[in-house]
Each structure stands twice: as structure tokens, then as C-alpha cells.
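Student: Hey, have you got a minute to go through a structure with me? I'd like to get a feel for the fold before I go back to the bench.
Tutor: Sure, put it up and ask away.

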Amino acid sequence: MGGCFYTPSVRPRTLHAVLSLIALATSTATTGAQSPPVNGMLPSDVRWDAIQHATVVTSPGVEIEDATILMRDGWIEAVGPTGQIVIPTGATIHDGRGKRVMAGFIEPALLLNSAAHAHRASTEAGAHWNAYVTPQVSADDLASISSAVRGELRQLGFTVAATYPDAGIFRGRGSVQLLGDPPHGVQKLPGSAGQFVAFGRRARDFQRNDDDEDGARVVAYPNSIMGAVALLRQTLHDATWRADSIAVWNVHPVGNDPPRAAPALDALTAALTGRERVLFDASSPLDALRSGALAKEFGLNASILGSGKEFQHLSEIAALRLPIIVPLDYPTTANLSTARLAESASLRQLMSWAAAPSNLSRLIAAGASASLTTARLDQRSDFPSRVREALDAGLTESQLLASLTTTPAALLGMSETLGTIAVGRMANLTISEGPLFAKDSRITVVWIAGRAYDTATAGETPFESEFQVSGRFSIARADQHSCVMVIAPKKSTVEFVLTNADGSTKSVSAESVALEKLRGGFLVDGGALGLVGPIRCTMRIDLGALRIEALSPDGSTSQFVATAAPADEPKKVADATKGRPKITLTQPVGDFGLAAVPAQEHVLFRDATLWTSSPDGIRPHTDVLVKDGLIVQIGKALAAPVGGRVVECAGRHITPGLIDCHSHTGIDGDVNEWTQACTAEVRVNDVIDPDDVGWYRELAGGLTCANQLHGSANPIGGQNSVVKLKWGSPVAEWPVAGALPGIKFALGENVVRPKGRYPQTRMGVEAYMRDRFRAAREYAAAHRAYATLAAAARVGAQPSEAAPRVDLELQTLAEILDGTRIIHCHSYRQDEILMLIHLADEFGFRIGTFQHILEGYKVADAIARHGAGGSCFSDWWAYKMEVMDAIPWAGAMMQGQGVLMSFNSDSSELARHLNTESAKAVKYGNLSPARALEFVTINPARQLGIGNRTGSIEVGKDADLVLWSGDPLSPLSLCEQTWIEGTKRFDRADDLAARPGRELLRQQLIVAALQVGKPVDGAAPLKDEKPAIPPPTRLRERMLSTREDAYLDLWRRGLDLRTLSRAGVCGCEEVAR
Amino acid sequence: MILTLTTVLASVIAQSTLVPAPPQTRPIIIEHATIHTAVAGATTISDGYLIIDAGTIVALGSGEARGATGEPPPADAVRIDARGMHVTPGFISAATTLGLVETLQVRATDDRAEFGDFHPEASAWLAVNPDSNLLPVARMGGVLMAIVFPQGGSLSGEASLIRLDGWTTDELAVVPDAGTVLRWPATEPAPRWFTSKSADEQEKQRRTTLRAFDDFFDAAQAYVRARTADPSLPLDLRFDRLRDVLDGSRPLFIEAASSGQIESAVLWAIARAMKPIIVGGDGAPAVADLLRTHKVPVIVQGVLRLPRFDHDDYDSAYTLPARLASKGITVAIATGDEPSNDRNLVHHAAMAAAFGLPRDEAIAAITRVPAQLAGVDARYGTIAVGRSGTLLLLDGDPLEVTTNVQRAWIDGRTIELRSHQTELKAKYDQKYAPPTAPKREVPAPAPLPAPPPAPR
């Protein structure tokens, strides 16, 4: 970095543009139209400032020792070695000796309360129908950052912040603001910081809209994460369509209605064309992955406000290549002090606790562009200690500096203005004594647009009022006893601590303490200090020392000089800068996590009893050869694979991987988007949680594939997701290619339960479905008609007709009508079953499966004629009125009538032993064991449209296999191994072997947590980490308001909420009383 | 409004129309069976026989059936050749609400929980509906007796042992006062998403509850002492019902899940010289020494259950009975489920057996042990001479899912193995098969007249 840095060059054009828009104080360029007349003399102060002899870090990793920075009118004029910079006459010179000068830090995500603005935007003319879609709100219009927050941020070294509205789902547009204090110019920088969107509203939004003005309950869409994703997707489609429509109207206004006002959709145009950034509020790692998927789908210029838990899905998130803003929200420990209290702390919680400080460095090492934020911290003042923990966990100082300066500047598209110290950059500087955020370092001054703000104190006018000296001082005394005076200017207290000859201490507080900047006074009880009577003291800061004069009752005075005493305050136990152990992360992070993604194997299963679920039935003493994820050979005495593995199976049985045709395991957030009677646009695929420990437990019961369904709260629910349980692999690999797209429908009691909405009866359910199918038919016709328009009319330079709107709800229903999507219909009573069959016949499509279908045996002939499948419980009944007539022979009876039947779980417990569920088809239905097993293998595979690739043991099919210790229909047999596509996903022997190690690690982490800190939030095992059992919904607050007693009772009884979504209730918000 | 609803429901929920079995009139001989006696330490009898007379097992052995003193068996006996079949004591569903509720969804059918916090005077047997449709279904799963638990409040009421066949509650009741049910408060703070209460608030709540327990039991003890000394003192229904529990002659069934709860509950009950039985028992292995020292049995509330915490071994619920038994703790197994699923009680025992509980103990956990806990082991729960003829004839290994109950007897009375469900099956078999088709997989009543042709 040689050469002359002082080149008072012409600023780049962009900067002129910036400058001309910012009224940076009295810059002559900006006096004029925007400024009020000056009441008095016209100011003409030339703001030349120079910092000399400082260590200047011009950009991360680039330092100049003994450097000078010259600033003029808020901009950097020159920077370089002190000897090379000419200081103009009139410049104020600041001594920078012992200081490190860095580019001013940038807070890239400061959330401002926008509830009122969002409410206004949601009720203005042309407002979006959904109150959470208010992208037209702009942070520019919100109240400025409060002076307290500005002060807090400056204390941490921040000079500028990107602010965003915080309410709703489409929350609005951000703006970049300087963190200086008024009246020095306008605080907002021009341009947008991008749109801010979220995957759910907050509890506060919800409450605001939960009741209308008359107090009646208003059900506000969406209540689930998957509903929020659907709303995001539909709104982005709508904004695109609107922009296209307006373009058409501009060319062909005659005869067409002008577009109506739609400020919300219009506000998204810039984002959709990539001109404006979109920041996703990703409050979990899975939200971050969803952000990436949406950004890709709509070609957005996206960035992510993370959760701090990105390490849980590190490589997937890094692979998104999206800038990410990382909070330092680490879990803190709770009371784990006894074995009883620590009983509930899971390995996932503990590992996340330990790994949290390494999040940022892991992200950077994985190639992510990561910026730091103070967002999501309970207290902003925790920031330095959290940074120190991150440094301890491997973050380098230059990475830290980059994440505070250059990276957020690039994220905001303002690298030409912010983030580095160079000629032409804005004069935003952060000055630190000592290494950045080190324990005894402090940030002394920040410069914002060329103005200095002292940060040693947090007050608004820091230099003015506070006593300039604080801390501990020794007072020399004749009697040799140590006396320490402790001054705390902020609290306005003075205290004396005496140490007697025997080492005992005594402290006395002064009274009537009055402090100002350079002097102070107080009254202290002399008796306590070995003197007589009240002693009146004055003190002053003069000649570089603190001088005290004491006036005794007898009128005599004595003088002392106080010298700084060494700090000997006990180290706080709660200081978390040490102690979080370094751990190796597993996949998934925590319980039953794997060291690495398991690999596909070339493997021979030798001499097993093979339950093929094919016409071959049960084949004793047979070998199966697996390669590249497929079954390649079945027979006797097959050759062992070269370089592969042989699993000796003598005496054991192998079945196809079991398939659960009705599961709600691992759905992130609510299982129901219950706020509307039709939610066909909602996709379970958006909310698969691959980390749910339920998957591992189900693998341990031989399950390899599950039909994840939306709940049954709506006549027309959301789209399903068919997944294989690829525990340890990225979630993107879970969905089964080729599975028939499906959708959940529901009939009967559940769908009429939500009050105040149509339908309330089985009559209404029929009418409602008929109406939606009718609308879908018309929708499809309109799109077909448009598609058949002459190409020129459609896509020419001047399209003459706007395309019909994309409506994801109707589009999904239209797919049902054209046979590309199948219905999985929750149903019980025979009347409603027949109703849907009639409706399907009328609209000309075939129903995929009836789910539960407990009265299906009464109309099995009609179901068979229609060609629908049936998927029921083996024997559950009586949990509600519409299942009082359920019988355990139903499965076999319906099969006997020609209905393709499966048994399902609808329960993360039952899904762990579907093999013995299928045995009930033998017990009650007298089916052969081979046919019975098909109820949980090939039959559900066919129902889901994957019968050609899984569900049976046949050459060419996926190697989804389960090894059992004995007859798979016997509850006395154990599942020993579960294989999916030639990859071993569960091995009981490995599981048993790993138990001691897992428990040891858990105990070590508990001990580490105990050593690091005292309990902080005793109510949670570990704060803010995914709890041992996931919350039932994001609406926990709402649920608690009505069901807290019931929840606490479940906890008392040691019950798991996940088991309480009772059979057939499909996750409807129902908890055992 | 409420009246209307009740009326509608009463007409919708059909009552069982099955006829209770008459008393035994002829001796019954079951021979050539595998007999699982469930007697402690005794082995299974192969090629076994037993004779039931006047409700009681009078002879038991292996080989050719003989009378109690070696004489030829009674000539007028009903002889059942049970080759390839198994005999077990009738299963006893412990800690169930069977009979107290028909369907949880309809309040009018739900008599599980009395109002208030302390109601030891509420006795379960009084509210068991003898015509509940759930009872015959449970019987077909082998459940012939049940220890019915009231729920609600802290001191929920009195548990009752019932038999699952009879005209009236009087006939159902075996031990009306089998013990009292107490629900122990949580000893560890619930995580935040269970509750909005802080750990401190929860702790305060717990102390308040435990203080209330002490106050109530102190008052009850004082009452019993005073009234024993002076019987003319006025009667207190609540305290009076606790007499047997206070002196340890009847058990206190304490619902407690975590190790902390169990520890707290057992220490409390032992200090008061009561006889605790833990119901739940998730955390029991961690305090096994305490349970063993004080000979406290555990009723495991469900084996087919998810582990409580994410880090628990996937099979922790399955292995719980074995882990307890291996530490010398007496274990009964209950379903912990809705009472409509009581018929699957034996599958819970089977899963425990698959995961380490010896098979005999698995069967004992649903027969001998619950009988012992209800204080009737001298009469029920095992197969031995002198015991009640309350037993099952099964067409296979009792622990296999594919096995069905072929015959069942309660006190020698031959129980109808039919239910609302079998009747529905028979009805719809008629719909799909010609009325002449003889094949039936389950016992069914006399063929009904052919139904009118299906509407479509």
C-alpha cells in the first residue's frame, strides 16, 4: 500500500448523486430547495477533521500503522501514512495514538415496529385482501430509530443501519439510515434496502387480527408455515401478472377496464425484476432453505436474515449462494443442576448450545457471504461477549471485521460508499482501543458522516454531564489499612470498601452524592471509616488525578489523591466467554445424528426368508443382490459382490421397506392450514423437517416411505408430500420422484368444526366441493383458451390480451380434474364416502384413496366400482362419534370387494410398528400373512403411484429393504436393519453400540453447560433451541391461552404432544382433556 | 339446548344388547392345551388340562385330564379339546377408564373426572356402564377384568376392580375400593412452549400443590384418629373413604412420570406409612433402588408409546418393563391409551417381551400382577387349583398379534365373544355375500334375514 494517499480527486459520479441527495449538514451542494431558511447567520464551518498516528484498517486484513485519515464534509479526502498526508490549515486534528480505526460498522437488519403502518396499509383503498401483505410499507415512513437504540448501536461501533418494517409477511421496504443524532442532517440514505418478507406472522400480528371490532373471532390466513409459503408464492405470481396486465393495458387501453389500484402488488414489481433485493426473515435453518427455493423459483435477488442456527444445515445453506445476515442469538443454559432437572435436555439442544458461537465461522468457511447483526439478541449489550465467543470458536478478526463492514456494504449494494476506508468513501469510522471486542477493549468513538460520537458512555450528549472518572481508587491512609473508593457515575453512587488488618472488609455508601463532569461531592459516615462524625467530601478531576478534600465536623480538612486501584471484582459466574466445548457436528445435529451421510452400498443379503410382496409370495433361503440403489438379482447362492458387503441373513426375514400412507411426522409448523375451507395451494413439501427425531424412530421400525399429509381441518386441504426417510441426508433428497402428486381432502366432523365458516354440515361440504370444482373447470378452460390464442397475440411485442391470472388454488384443483393429481380423502361415514364418489364421477376423475374410511366396509362395492383405494387403521375406533361403527374386519372386507387397501398410522408411534398392524389383517380378516403384509408395502406404494419402484422385492426396484430377526408379523421380532435405495439407514446393532457414547457426550455437555453459566431461563431446558418435542404450532401463544392447563397436565403425565394428535384427528388442534 | 344434545346422543350411541353369561352349570374340561399359569416362578404346562367347576379351577395338570384327587373327570363335563391352543388367565387392564367413557368426544358419555381437586369419595365402579359397547370389544381382546381409574383433580377418587360381564354394576364390581388415585404434580419445570409460566411460578405452584396434599392428608389422619376414639363425631365422607389408604391396607395409586415425580411421591407416601403404587413410571429406572427398597410396584402406562424425550433411545418405552423387572421391581403393564383400545393390551405386553421382558413375566404383567395390585391375587390373575375360572382359550401364542381369543370364561361363566362390531360385520357380510354363504370368521349370532337389496 505504498504511494501517496492524498489525492483530492474528483468523487465518482455515483457519489455525487448520493451527495446531492443527502443533506449532509451544510454542504453547499445541498443548501437549497430542501432546507428551511436560516434564522440567523448562514453557517460556513468547514468540517475538516484529521485523525493522526492511528492504526488504520482500510479494509479487513489491510492495515496501515501510524496513518492519517483526512475527512471533509462527511467524506474521506485522504488516507495514508501520517507523513504522506498534508493536513490543510483549519483542520481539527485528533490524536489517534493507540487507536485502531476501522470503517464504520453496518447493521444490516434493524427491525422497526411497523404494526400501525401495516394496519393502515392493509385497510387503505386497494389494499391486498390479506392483512399480512403490506409491501408498500416503507421503513422511510416509520418513526426514526430511537435515540436510545442509536446510542446502543454506536456503542457497539455501528454507524449505519438497514432498517426494515417488522409486521406481517410481506413486511415492506427497508431503508438505510445513519446512526448519528439530529439535527445534523437527514438520517436516511437514498435507495431501498430491499423488501422484507417472512414465513409467518408474529404472535402480535395475530392478536391484532384475531378479533374483529365486535370481538368476534376472525380467522386470519395463514396460520401455518406452509400457508405462509403459499401466500408468498401466490402474491409473487399476482404481482407478476399485474405488471404484465398493466403492460398490456398501456398498449390496448381502449375497451379495457383500467387496472385498479393495487399498491401492494405494485410495490413488488421492482423485486420481481431483480431491481430490488428481497430479504427473507428465516427464523430457522429450514426457513433459510425455503428462502433459497423461493428465490430460485421467482428469480429473486435474495438475501437471508438467519436464525443463528445455520450450522444445523450448513452445507445446504451455503450452497444457496445467498448473502446471509447472522445473528448471535446463542441458546443459554437453563437449570440442569440436578440429574432430575437435566433429564429432559436432549443432545440436539446441548450440541446446538455448544456449537452456536461457531455458526458464523462455519458459514464463512463453507463459502457463505455472512454479515453480522444485533437482531434477535435479547439485549444488544450482549453483542461484544457473543462476538468474543465467536472469536473463541474460530472466527478470525479479519472475518469479523468483514462481516461488520465490507460484507454488509456489498449486501446493501453500497460498497462504493460504505464498508472501507478509502478516498471518496463516506466518513464513517469506528475507533477501538485494543483488539476489536476483546475483553478489555472498547470502542471509544464512532464517526458518522464526518461527525464524532463518543461511545465511552451511552448518553445522548456524552461529553457534558457525567463525572469523567469511574471505577475503583485506592486512598492512601496513615493507618495502612486499605481503603478503596468505588465511583459509579451512571448510578451516581460512591462507595468505600475498607480492608482491615485481619483481611475482613466493610463497605460504606456515601450519601447525597452529586456528580458533574469534573467535580463532585458527597457525605460519608466518618465513624465507619475510623473517623468521627459525618465527613463532607468534595472531589475534582484536576492535573490528571482525582483529588478529594474531606471536611471533618471539627472544621479541619484533609486532602487525598486517589489512584486507580486494581480491579479485583470476582469474575462473574455467568460470563460465557469460556467454556462452550468444541464439538463435531453430526447430521442431523444432535440425537441419533450421523458422522457423515451414509453411502450407497453394493451388498448381498444371503439366505433370508424373503417376503416379496410380489406374486412370488414368500421365498425361503433366498439371496438378494443390491447395487446402485437397486435390487439387481434375486435367487439362490448368488455370488458375493466384489468389494461389496455380505449380510448373512440365515434365520432372518427380509421384507420390502414399509410404507405409511398417512403420516404427519416431521411437518414443520402446523399440520393444518385451517384458516380457510380450501387451501389447495398449500404444500406439505415446503415444510418437511428432516431433523425430526420421529423419522429415526420410524426407521427403527422398518418404515422407509411416508405419505405426509396436510391435516383434516378443511374440506379441501393442502398438497401432500411422499418422502423416503433418508435420515442424515439433505431434505432435497427426500421426496420420491415419480410419486403421484396428491392433495388432502376431508369430510365429516373435523371440517365442520371451525366455527363461523362455511360449511357447517355434510350438505355444505358437498356444495362447497362442487363449487370449487366448477371454478377449477372454468379456470382451466380460460387458461386453455389463452394457450390456443395465436402466438403473436400472446407473446408478441404488443400482446393484445393479458394472460389469465395464475391461481395456485384453482390450478391444483384443475390438476385433480385432469387426472394428474389424486385426492387422499379423510372420510368416515358411508354417506359422505358415496357423496364424494358421486361428485368425482360427475366431474370425471378418480379418487386416489379414502383415508381412515372406517365405514368404508358399508359401501365397499361402490368404492371398488369407482376404483379408489382405501387406507385405514387396523382397529382404532370410538375416538369420536363418526367412528363408533368402525370394525377391525374392514380392511379385509374391503379388499375382498376389490378395493386396493392399506393400513396407515396417522401417528408417529403407530408408524413404528406397521408390520404388526398388518398382522391384524390376519387376525381379523383371515388373510394370508403375505397378503396382510402387502397392506403396508406394495398396496400403499400403488396408492401413491410408486408401485413401479418400491413396495416389493423385485429385480429393478429400489433396494428398500428391512431385515427382521424373525417373522415380520410377530411383535416378538425386531427390526434389525433398514435400507433405503441400497443405503443402510438404520442398524440396531450400531444403535446399541452407540448408546454409551451418546449418553456420555450428553452428560459431558451438561457438565460443560453447568460450568459456563448459572441458569438464565429456567422455564426452558435450553433457551430458544428447538425443544425436545417440537411445539405443536407457531401459534403456541394462542394455544396456550386456551389450553395451558391441558398442556401442563400432559407435561405432568410425561406425555408427548405428538402422540396426542389422536387417531383420525389428523393433527387438528385437539388435546386429550 | 344441552337437553336436546343429550337426547340426540342417547339415541345415537347404541347400547350393547348382548346377554350376560349365566352361572356355570356344568364342569368344563380344557385339555391338551399349552397353559400359561402366570404363577410366579412356575413354568408353562404343555399338553395341559384344567377343570373348572362352579366357577373355580378344581384340577390342573398335564396329560390325561383327571379330577382333583386323581379320579376320572366328571362325566357331565363340557370337554374342550384344545390341541394347539393356549390358555392364559383373563387379562386385566389396569389404570384404564374403560366403562367410564364411551367416546371422549361426547361430554355426555364421559364420567371420568369429578369436579374439584380432592374427591376420594368418588368411586369408579358406580359409573361404569355395564352396557357400554366398549366392554364386549375389550373382552374379545382377552381383557376380562379391569382396574378402572377415575381421573381429574389431584385426588381423583377410588379405583375399582371390575369384571367385564354382568347385568348390573353390582355384578360387575369385584373390588369396589381397590385403592385411591392420586396425581402427583410435575417436579421439573415444563419447557416454555408447554406453558407461559416461568420456572419459578411453576415451582411455586408445585409447592402450593404439595402443601395442599399435606394439609389434606394431615386432616384426614387427624380425622381418622379422632373418629376412632370417638365414633359419635360427625362423618366426613372424604376422609372416611381414605381410612384404608392411610393405614396402608389399601394402596395409593400415584400417577407419576419423571424420576423426580416418582422420587418425590414415593418418599412422601412412605413417610406417611402408606402403600404407594406408581402409575406411569417413565423415569422409574433412575430411582429403581428407592422403589426396590420400599417394594413399590409400577404400572407402566403403555409400552406402545413414544419415548418422552428426543434423546431417549428409540426403544426406551419398549424396554421400560424389562429394565424395571431386571432391577427387581414388580411391573404391571397397562395400555395408557383410550379405553376403546384396551383390546390391544396384550400387544403392549408382547412388545415388552420383544424388548427383553421374559415372556412369562410379560403375561404376568397383564394378569397376576394387576390382580395382586388390586388385592385379589388369591382368586384372580393366575391359573391354579382354587383360583377363579377366569381365563382365555387362544388359538395361538398369546403374545402374537395374529392370535385370537376363541373362548373366554369369567368365574366359570362362558362369555359371549360378540360385540357391536361383530354384529356390524355380520350385517355387511350379508350385503356382500349370498345369505346362504356359511363361512364366518368370527362367532356371530343366528343368521339374520336377508337384507333388502343394496340401494345401488
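Student: Let me start with a single residue: is A:Arg376 buried, partly exposed or exposed?
Tutor: Bear in mind that this is a predicted model. A:Arg376 has 19 other C-beta atoms within 10 Å, so it counts as partly exposed. The cut-off for buried is 20 or more.

Student: Where does A:Arg376 sit?
Tutor: In the loop between E13 and helix H12 (383-392) of chain A. Its phi is near 70 degrees, a positive value in a residue other than glycine.

Student: And what is phi like at A:Ser512?
Tutor: It is positive there too, about 45 degrees, although A:Ser512 is not a glycine. A:Ser512 lies in strand E21 (residues 511-515) of chain A. It has 11 C-beta neighbours inside 10 Å and therefore counts as exposed.

Student: OK, new topic, the sheet. In what order do the strands of the open sheet in chain A run?
Tutor: The order is E6-E7-E8-E9-E10-E11-E12-E13, eight strands with mixed pairing. The edges are E6 and strand E13 (370-373) of chain A, each of which pairs on one side only. On average, neighbouring strands are turned by 30 degrees against each other, direction ignored.

Student: Which helix packs on this sheet?
Tutor: Helix H13 (residues 397-404) of chain A packs on it, touching E6 and E13 of chain A. The direction of H13 makes about 75 degrees with that of E13(A).

Student: Back to E6(A) then. Why is it described as largely enclosed?
Tutor: Because seven of the eight residues of this strand, residues 105-112 of chain A, are buried. E6(A) runs parallel to strand E7 (residues 158-165) of chain A, and six bridges join the two. A:Leu112, for one, has A:Pro165 in E7(A) as its bridge partner.

Student: Which strands pair with E9(A), and in what sense?
Tutor: Strand E8 (residues 170-178) of chain A pairs with E9(A) in the antiparallel sense over six bridges. A:Val176 stands opposite A:Leu189 there. Strand E10 (residues 278-281) of chain A pairs with E9(A) in the parallel sense over four bridges, and A:Gln195 stands opposite A:Val278 in that case. Eight of the eleven residues of E9(A) are buried, so this strand is largely enclosed by the rest of the structure.

Student: What about cis peptide bonds, where is one?
Tutor: One joins A:Tyr221 and A:Pro222, with omega about -5 degrees. A:Pro222 is in the loop between helix H4 (203-210) and helix H5 (225-251) of chain A. A cis bond also joins A:Gln587 and A:Pro588, with omega about -10 degrees. That proline, A:Pro588, is in the loop between strand E25 (557-564) and strand E26 (603-611) of chain A.

Student: Helices next. At what angle do H16(A) and H18(A) pack?
Tutor: About 90 degrees, with their axes 8 Å apart. They are therefore roughly perpendicular to each other. H16(A) brings residues including A:Phe773 and A:Tyr779, which meet a set in H18(A) that includes A:Leu810 and A:Leu817. By class, the contact has nine nonpolar, no polar and two charged residues.

Student: Now the partner chain. How many residues are in contact between chain A and chain B?
Tutor: 64 residues of chain A are in contact with 59 residues of chain B. On the chain A side, H26(A) gives the largest share, eight residues. That side divides into 33 nonpolar, eleven polar and 20 charged residues.

Student: Is H22(A) mostly covered or open?
Tutor: Mostly covered: ten of its ten residues are buried. Among them are A:Leu914, A:Glu917 and A:Lys923. The buried residues pack against several elements of chain A, including helix H21 (890-896) and helix H23 (929-933), together with helix H10 (345-354) of chain B.

Student: Last one. How far apart are domain 1 and domain 2 of chain A?
Tutor: Their C-alpha centres lie 49 Å apart. The assignment gives 106-230 + 263-417 for domain 1 and 471-564 for domain 2.

Terms used. Residues numbered from 1 in each chain as written. Chains lettered and ligands numbered in written order. Predicted model: local features only at pLDDT ≥ 70, side-chain atom pairs only at ≥ 80, totals over all residues. Contact = placed C-beta atoms within 7 Å. Nonpolar A, V, L, I, M, F, W, Y, C, P; charged D, E, K, R; others polar. Buried ≥ 20, exposed ≤ 12 C-beta atoms within 10 Å, placed from the backbone. Pairing = 2+ DSSP bridges. Axes fitted to C-alpha atoms, helices over the stretch in contact; angles between N-to-C directions. Parallel < 35°, antiparallel > 145°, perpendicular 65-115°, else oblique. Domains from an automatic or database assignment.
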